[in-house]
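Please look through the side chains of the structure shown below, paying attention to the rings, the charges and the nonpolar interior. The paragraphs that follow take these topics in turn.

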Amino acid sequence: MADMLNFGNVVVNKFCTTYAEKKGAYRMLDNDNFVHKDLAEGLYRACKSNDEPVHMLCIQDSTEFNFTHHIDRIKEDDKDIGPITNNDNAGFFCHPMLVINSTNQLPIGISDVNIWNRSWDKLSRHERDYKHQGIEEKESYRWISGAERTKKLLTKATFLTFIGDRECDIYEEFALIPDSRTHLLIRSRINRRLYGEDQKLFEKLESSNLRATYDLEIRHNRKRKDRTARMLLKYEKVKIEHPKNKKLGNKPIFVEMWAIEAREFPETVPVGEEAILWRLLTTHPISSPEDALRYVDWYGHRWFIEELFRVIKSKGLMIESAQLETGAGLKKLAVMAFQVALTTLILKLS
């Protein structure tokens, strides 16, 4: 791992300079006496060692590693490789939890990483009756299980705020994860029913009072131009109703949260672009616009995990160029790459 960091690459032929080093690396990654989950325990111990009584931002997201370009190296019956988002491509998925100290805004470690692959003969959503499956049977359960494991790991933290994008808009997450020291901050995807109201979530936010306006500096990317966006801020306390198409079980009939809308004024939107629009759901209380703006700022910290993925992939360690011959070896390499990428990210931020 030290060599990976020094050479800025996790491809064996790149970070090993001698034949003996290459042979040793390949033998280690091909060793069946341990699996990637064993290596991940080292990640968690390192994160635990940085646990302290402060507020931690716990940012989770999913990515895929695509190894289609050298799939011929891997045996057809390899159970650790399967179809990814594009069913014609091969690889596996990763879902890490990156923990940020909110005081100094530096990462303290990775508290959980879920690595899995789909089967080539997997059933379709229709064949699985996806809508009626229990949450524990779905891939989306990773958002809940990762949060639960992080709560058990980080026992010293004063508060934990779990931050997720629109994939994390899951009712079971709202019902199961929050407690006296644990909060959620999630980007809303679903125009949810509100308990005891005729309006749904998005309509309630749109019709609510303007609370504040503020400026947001936008950096250019593939979808956005550099600009100062003029933003409006709204928020409301809401009761999110349990989905009618799911069994209630032991879940509450509603959960109480705060909904935030941050929307760009039309006059600062460049021609051909869509206005910036964030709808956020949080269990943190809001008593002033300053509170709401603080939570919007916390959500903006999601760029940390996006940067982590960039460092691991084409903008850094080049894991998708790895030339190993087993999916199990590639999964081990992925765990090591997460620690190396995290160290790289911390060095960039320090």
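Is Y195 buried, exposed or partly exposed? In this predicted model, Y195 has a relative accessible area of 34%, and because buried means under 20% and exposed over 50%, the residue counts as partly exposed. F254 is likewise described as partly exposed, with a relative accessible area of 27%.

These two residues lead into the aromatic pairs, of which a search of the whole structure finds ten. The ring centres of Y195 and F254 lie 4.7 Å apart and their planes meet at 25°, so the pair is stacked. The pair links distant parts of the chain, since Y195 belongs to the loop between β7 (182–187) and α7 (201–207), while F254 belongs to strand β10 (residues 254–264), 59 residues apart.

Another aromatic pair, formed by W278 and Y299, is edge-to-face, with 5.0 Å from centre to centre and 75° between the planes. W278 is part of strand β11 (residues 277–282) and Y299 is part of helix α8 (residues 289–299), so this pair ties together parts that are 21 residues apart in sequence. Within this pair, W278 is partly exposed at a relative accessible area of 23%, whereas Y299, at 3%, is buried. Ring pairs also link F65, F67, F92 and F338 into a cluster, and some of these names return with the nonpolar core.

Rings also have charged residues placed over their faces. R211 lies over the face of Y235, at 4.2 Å from the ring centre, and R279 lies over the face of F202, at 3.9 Å from the ring centre.

R279 also takes part in a salt bridge with E261, in which the closest N and O atoms are 3.6 Å apart. E261 lies in strand β10 and R279 in strand β11, so the salt bridge ties together parts that are 18 residues apart in sequence. Are E261 and R279 buried or exposed? Both of them are buried.

The count of salt bridges comes to 24. One of them joins E172 with K246, with the closest N and O atoms 3.8 Å apart; here E172 lies in helix α6 (residues 171–176) and K246 in the loop between β9 (227–241) and β10, so that distant parts of the chain, 74 residues apart, are linked. E172 is buried, with a relative accessible area of 7%, whereas K246 is partly exposed, with a relative accessible area of 27%.

A further salt bridge is formed by K348 and E307, whose closest N and O atoms are 2.7 Å apart. This pair, too, links distant parts of the chain, with K348 in helix α10 (residues 327–349) and E307 in helix α9 (residues 303–312), 41 residues apart. K348 counts as exposed at 52% relative accessibility, while E307 is buried, with a relative accessible area of 13%. Elsewhere, salt bridges that share partners join D61, D165, R302 and E306 into one network.

Which residues have the most contacts inside the largest nonpolar core? This core has 98 residues, and those with the most contacts inside it are F65, F92, F174, I240, I260 and F338. The largest share of the core, eleven residues, comes from α10. F65, F92 and F338 have already appeared in the cluster that ring pairs form together with F67.

I260 gives a view of the surroundings of one such core residue. Leaving aside its neighbours within four places in sequence, I260 is in contact with L205, L233, K234, Y235, W278, R279, L280, T282, I286, A292, Y295 and V296. Several residues in this list have been met before: Y235 has R211 over the face of its ring, W278 pairs with Y299, and R279 forms the salt bridge with E261.

Two positions in the backbone complete the tour. Q105, found in the loop between β4 (90–101) and β5 (106–116), has a phi near 55°, a positive value in a residue other than glycine, and it is partly exposed, with a relative accessible area of 39%. M318 has its place in the loop between α9 and α10; it has a positive phi of about 60° although it is not a glycine, and at 28% relative accessibility M318 counts as partly exposed.

Definitions and conventions
Residues are numbered from 1 along each chain as its sequence is written. This is a predicted model: local features need pLDDT of at least 70, side-chain atom pairs count only at pLDDT 80 or more; totals for chains, interfaces and linings use all residues. Side-chain values use heavy atoms; hydrogens and water are left out. Rings of Phe, Tyr and Trp (its six-membered ring) pair if their centres lie within 6.5 Å; planes under 30 degrees apart count as stacked, over 60 as edge-to-face and the rest as tilted. Helices (H or I, at least four residues) and strands (E, at least two) are DSSP runs, numbered from the N terminus. Buried means under 20% relative accessible area, exposed over 50%, partly exposed in between (1.4 Å probe, protein chains only). A charge sits over a ring if NZ of Lys or CZ of Arg is within 6 Å of the ring centre and within 35 degrees of the ring normal. A salt bridge is a side-chain nitrogen of Lys or Arg within 4 Å of a carboxyl oxygen of Asp or Glu. A nonpolar core is a set of buried Ala, Val, Leu, Ile, Met, Phe, Trp, Tyr and Cys residues joined through side-chain atoms within 4.5 Å. Contact means heavy atoms within 4.5 Å.
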